[in-house]
Each structure stands twice: as C-alpha cells, then as structure tokens.
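The following report treats a structure in terms of its chain contact, its helices and one strand residue. The sequence and coordinates are shown first.

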Amino acid sequence: MLRSSNARSRCYPISRLLVFIILPIIIAGLLAAAGCSQPVTSDRDPPGGQFHVYFNNDSLTEGHTVCDAVFPVLRSSPEPIDEPSAALEALFPGPTPEERAQGYRSFFSARTAGLLKHLKIESGTAYLDLRDKRTELAGITSSCGSAEFFSQIQHTLGEYPEIQRIIFAIEGNPGVFYDWLELECDQSNDDCDPAPFALPSD
Amino acid sequence: MYKVKFYKGNYSARQKKANNDNAVAYIEHHFNSSSSSTASYAVVITGSNASRTSKNWGRWYAKAVARFFGTQVSGDDGILVGGWNGRGDGNVRHTNMPAILLEPLFASNPQHADIIRSESGQTDLARILAESIQRFFPDGGLIAFSVGHKYKKSSPNDRGAALTGGGTEADHAEKVLKKAAAMLEGVATISMDRTIRVMQGDNLLFETAVDEDALVVWDPDRGLLNIPE
C-alpha cells in the first residue's frame, strides 16, 4: 500500500475533497495562493499520503467490456490518508479528464462528487451511507452497471484491512438502496437494519 | 392459445400473483447499461433455483438476440444463474414456473439505444421473445410479463437506466413487451414442424416445412439457401 503516515500539515485551507482530485502541480499553486510556505512541485513526490481508487478501463481488458474488472489509479494528498472515507471522497468524483483520456471510466463523475454522506466502520463492517443521487446513477441498476459500481467501491475500500464487508444505505435507509438495486434484504446486509446508520445527532 | 397478463407492484408480489394465476412462463424485461458506450452483449438472468427449462430458454433467447443484432452473449453461454452477485435473482426466483429476466441490449450504447427506440427494433425484439415462448411453451397458456423497474410500489418513479439520446429503459421495455403480447395473443396454432422462413422486415416472404434431419446450407456467394429434397 502507498498510504502514508506523514505528519499532518496545518496549512491547507481548501477543502479536503478538492485536495484529493487535483494534480500535484495544481496543489502547489493553491498552496502558494493560500500563503503556505511549504513548497510542492510536480517533479517530486507530494508530501503526505498516497492511495488508490479503482475504475474500469477497457483498454486494460483487451478492448472487452468486463463489468467487474477495475484498475487502480493513484491519488495523492498532502495530508496523511488513513481514513477510508477519504478514499471514497476521491472515488466519487470519477476519473480525471486525463484518466478518461487513458480509458478509465465510471458512472461516478462531478455530478456524484458529494455522494458520500457518512461512513462508519464497526466490527469489520463498513456502513456506507450515500446521498440520494439515484437519478445521476440510474445506469447502475443494470447487471453490468451494478457490477461496475460495486467493484469500484469494494476494491477501493479493499485496501483497508479493517473492512471485511460493506452495507449500503441511501439517506440512512438500507432498504431504499437494496430495493433500488433490486437486491433482497437478507443476512448479507443484516436484513436492511437501519439502526447502524443512525447518526449521532439522530 | 396464449393469454398475456402484465403484473405490477413490487417484484415479489408480481411473482406471487403469477403463481396464483398458474402462469406457465414469467418474463421480466430490462435493458443493460455500462459506463462504456461500446458495451455490447445479450444476457439473461435466471433465478438461483432455475429449472433446466429456464436455463435453456434463456440461452436460446440470448443467442437469438446476439445473432440477430450482431452482438455477443455474456455470462455462462448467455445466462447468469442467480444474477450478478445476487442482483436480479429476487426478480425471478420466487416463481413456480420457468422465469427469465432479459437484458438483450445496452441502453448506454448509442447504436443499441437507437434500436431500442425504433419501432422496428422493438418489433424485432418482441418477435424473438414471442418465438422463444412458442418454442419452449408450445401448449400455450398464461404468460406473465413484468416491466423491469416500472410500477413498483416501493419506488414508483424508477425507470431504470437512461437511454443514450433520450428515453428510459423501463418505458421501452414496456413497448417491447406490449408488441410481444400482441404477437402471442394472435397465435392460433403452433406448427410442430421444422420450418424455414424468409423475412423482409416484418414481412414474411417465404415459409416452408423441412425435414427435421435436413442439412440446410446457406451459400452467401451464390445467394442460395439449399434445402435437400
């Protein structure tokens, strides 16, 4: 794994999400604009953490559409990355234009950048609560589309050994998610029990 | 010979009603989708508890669609038993009769989307489905149709994937099923003979019965379909 445990910088006023999706050279520019003295240039490794997110890429499968075949792309952050939620925040905006030009593809795009509502990990289970973007992600309700969706998330979170399984919800309701994806509530998703998705303020 | 009934409500309720009505076959129509605009194959999902009839029927349909539209089949020779990691299994697993979930074309593929939107494409898909039903259920009976995504009480606004260029998966699946229903309900008798047909679009130009064992050979260079005497 390429995740780093570098010490956290206190000089990054832009949002964490933006930090994850821009290139190191752009990060350097933003840091300079924000008045940070720490130099970041494109010809050296960025300080902080590196991690992978996963997308499909037909050019890596001999031109064939293999719905659940996903491949890693590197994301860098000046902050140490040890939170799976950070990886999801980097996954959900989808491939960069440069990556799309290289054949990486996903239903995730700028329209789904805010998809992550909350992630809680408890006893090996990741409770992944999504915002309601069913319109933007309508294509994932097919057999191939769902394979792409699940594979990208499972591989991205698969880099975190504390996660053994994932249960999904939309706006705190797993029943809505699994009904939308035409999956049944059963033991594999704890019968769509909404209790673990309750936020502390609920 | 055939009566067709469209079932609505949540998927489990649809299947339960079809069971109660003693339907002889159950079909749920979807279209596939991918983030790739070039994805191009036909696949049929059967329940994890599918009978041999369901599997053979699904493979026959998927291969017929792939041959007609010049695509491929995916899965296990055209079928995904139990769906992809369980997806789609619950849509057909609760039936007492043979059941298949169709994904003949990709809504995300611009060429496929044009076919799906066109009257002729819908008719072609409907004809393949109707012929598959006549082949596997030649004694007739009640045929249960279910439009994927649409008419669910749990999410009444669900229409499935967007068709590239406009339209929705569910609305066009419904159009195909309505055409197939009209074809099936117009069937008076089913010939048990092996037949050879020549069609131009919707028009049947030629039809003849041939011996079951006859080796029929198409010679594209001569433009000749040779049927041994």
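## Basis of the description

Helices (H or I, at least four residues) and strands (E, at least two) are DSSP runs, numbered from the N terminus. The model described here is predicted.

## Met199 of chain B

Met199(B) lies within strand E8 of chain B, which covers residues 194-200. Is Met199(B) buried or exposed? A residue counts as exposed if 12 or fewer other C-beta atoms lie within 10 Å of its own. Met199(B) has 12 such atoms within 10 Å and is therefore exposed. When neighbours within four places in sequence are left aside, Met199(B) contacts Leu204(B) and Leu205(B).

## Helix H2 of chain B

Helix H2 of chain B consists of 18 residues, 52-69. At 1.5 Å a residue it should span 26 Å, and its end C-alpha atoms are 26 Å apart, so the two values agree. After H2(B) comes Gly70(B), which has a positive phi, near 70 degrees.

The buried residues of this helix are Ser54(B), Lys55(B), Trp57(B), Gly58(B), Tyr61(B), Ala62(B), Ala64(B), Val65(B), Ala66(B) and Phe69(B). Their cover includes strands E3, E4 (72-73), E5 (79-81) and E6 (99-103) of chain B, together with helices H4 (110-117) and H5 (119-136) of that chain.

## Packing of H2 against H5 in chain B

The axes of H2(B) and H5(B) are 10 Å apart, and the two helices pack at an angle of about 150 degrees. Their crossing is right-handed.

On the H2(B) side, the contact is formed by Thr53(B), Trp57(B), Trp60(B), Tyr61(B), Ala64(B), Val65(B) and Phe68(B). These meet Asp124(B), Ile128(B), Leu129(B), Ser132(B), Arg135(B) and Phe136(B) of H5(B). By class, the contact comprises 9 nonpolar, 2 polar and 2 charged residues. Trp57(B), Tyr61(B), Ala64(B) and Val65(B) of H2(B) take part in this contact and are also among the buried residues of the helix.

## Helix H5 of chain A

In chain A, helix H5 comprises 15 residues, 143-157. The span expected at 1.5 Å a residue is 21 Å, which agrees with the 21 Å between its end C-alpha atoms. Because 13 of the 15 residues are buried, H5(A) is largely enclosed by the rest of the structure.

## Contact between the chains

How many residues does each chain bring to the contact? Chain B provides 28 residues and chain A provides 24 residues. On the chain B side, strand E3 (41-46) and helix H3 (89-92) each supply at least two residues. The residues of chain B that touch chain A divide into 7 nonpolar, 18 polar and 3 charged.

Note on methods
Residues numbered from 1 in each chain as written. Chains lettered and ligands numbered in written order. Predicted model: local features only at pLDDT ≥ 70, side-chain atom pairs only at ≥ 80, totals over all residues. Contact = placed C-beta atoms within 7 Å. Nonpolar A, V, L, I, M, F, W, Y, C, P; charged D, E, K, R; others polar. Expected span 1.5 Å × (residues − 1). Buried ≥ 20, exposed ≤ 12 C-beta atoms within 10 Å, placed from the backbone. Axes fitted to C-alpha atoms, helices over the stretch in contact; angles between N-to-C directions. Left-handed = near helix turned anticlockwise from the far one by under 90°.
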